[in-house]
Amino acid sequence: MTLWPAAVGARAAAALGVAVPLLALTGILAAAAPAAGTTPVIARFIARTTQPKADTPWNYCVLAVTGDKVAPLEASVKQRLFDERGNPIGEVGSASFYGAWCQAIKLPASIRGDAITLETKVTVAQHVLVIRTPIRVR
């Protein structure tokens, strides 16, 4: 796995028309190491905050792009929530997308203050990229 600077995520979001100026790049960037002669695949989780309010829509986006020209890619995403011990506590959802996928979810007040991890698995062709984002509902 290669870690890329935040600027790559900002360029990717800008290329895809995602409103980056208001968004802070959060989460861990996941990128598959490219095989010889192939283009690296980059996935990025973008949200304003990792401390969303309970029972309030929390907006975020997932990007899937090539690493060299920041071109959008056909991808699928699957998201799950885990507690502080790594036990799954819920499915967030799954979807197929091209370049960027954005949604808003409401997290319940019952997990307010708990250390939660949002796992985002992005699949592009044969690459599976995993982004684990720690969140704390307030």
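Trainee: Read along the sequence, which pattern does the protein chain follow?
Mentor: The model is predicted. The protein chain has one helix and nine strands. Read in sequence order, the pattern is α-β-β-β-β-β-β-β-β-β.

Trainee: Over which residues does pLDDT stay under 50?
Mentor: The protein chain averages a pLDDT of 80, and 72% of the residues score at least 70. The stretch under 50 has 60 contacts beyond four places in sequence in the model. That stretch is residues 1-29.

Trainee: What share of the residues of the protein chain count as buried?
Mentor: The cut-off for buried is a relative accessible area under 20%. The protein chain has 138 residues, and the buried share of them is 41%.

Trainee: Which cysteines form a disulfide?
Mentor: The structure holds one disulfide. Its sulfur atoms are 2.0 Å apart, and the two residues are cysteine 61 and cysteine 102.

Trainee: Which strands hold cysteine 61 and cysteine 102?
Mentor: The link is right-handed, with 105° about the S-S bond. The pair joins distant parts of the chain, 41 residues apart. Cysteine 61 lies in strand S4 (residues 57-66) and cysteine 102 in strand S7 (residues 100-106).

Trainee: Is cysteine 102 buried or partly exposed?
Mentor: Cysteine 61 has a relative accessible area of 8% and is buried, because the cut-off is 20%. Cysteine 102 has a relative accessible area of 45%, which makes this residue partly exposed.

Trainee: Why do the rings of phenylalanine 45 and tryptophan 58 count as tilted?
Mentor: The structure holds four aromatic pairs. In this one the ring centres are 6.0 Å apart. Planes under 30 degrees apart would count as stacked and over 60 as edge-to-face. The planes of phenylalanine 45 and tryptophan 58 stand at 50°, so the pair is tilted.

Trainee: Where in the chain do phenylalanine 45 and tryptophan 58 lie?
Mentor: Phenylalanine 45 is buried at 1% relative accessibility, and tryptophan 58 is buried at 4%. The two are 13 residues apart, with phenylalanine 45 in strand S3 (residues 41-47) and tryptophan 58 in strand S4.

Trainee: What kind of pair do the rings of tyrosine 60 and tryptophan 101 form?
Mentor: Tyrosine 60 lies in strand S4 and tryptophan 101 in strand S7, so the pair ties together parts that are 41 residues apart in sequence. Tyrosine 60 is buried at 2% relative accessibility, and tryptophan 101 is buried at 13%. The ring centres are 6.5 Å apart and the planes stand at 75°, so the pair is edge-to-face.

Trainee: Which residues form one aromatic cluster?
Mentor: One pair described above is phenylalanine 45 with tryptophan 58. Another is tyrosine 60 with tryptophan 101. The cluster consists of Phe45, Trp58, Tyr60 and Trp101.

Trainee: Which strands stand at the edges of the open sheet?
Mentor: Four strands form the sheet in the order S6-S5-S8-S9, with antiparallel pairing. Each edge strand has a single partner strand, so one side of each is left without a neighbour in the sheet. The edge strands are S6 (88-98) and S9 (127-135).

Trainee: How many bridges join S8 to S9?
Mentor: Strand S5 (residues 74-82) and strand S8 (residues 116-124) pair in the antiparallel sense over seven bridges. S8 and S9 also run antiparallel, and their number of bridges is nine.

Trainee: What is the bridge partner of threonine 123 in S9?
Mentor: Threonine 123 is the bridge partner in S8 of serine 76. In S9, threonine 123 is bridged to valine 128.

Trainee: Which residues make up the uncovered face of S9?
Mentor: In a regular strand the side chains alternate between the two faces of the sheet. The covered face of S9 holds His127, Leu129, Ile131, Thr133 and Ile135. The uncovered face holds Val128, Val130, Arg132 and Pro134.

Trainee: Which residue in the turn between S8 and S9 has a positive phi?
Mentor: S8 and S9 form a hairpin with two residues between them. The residue in question counts as exposed, at 66% relative accessibility. With a positive phi of about 50°, it is alanine 125.

Trainee: What is the phi of aspartate 55?
Mentor: Aspartate 55 sits in the loop between S3 and S4. At 49% relative accessibility, aspartate 55 counts as partly exposed. This residue is not a glycine, yet its phi is positive, at about 55°.

Methods
Residues numbered from 1 in each chain as written. Heavy atoms only, no water. Disulfide = S-S within 2.5 Å. Buried < 20%, exposed > 50% of the residue type's maximum accessible area, 1.4 Å probe, protein only. Pairing = 2+ DSSP bridges. pLDDT = per-residue confidence, 0-100. Contact = heavy atoms within 4.5 Å.
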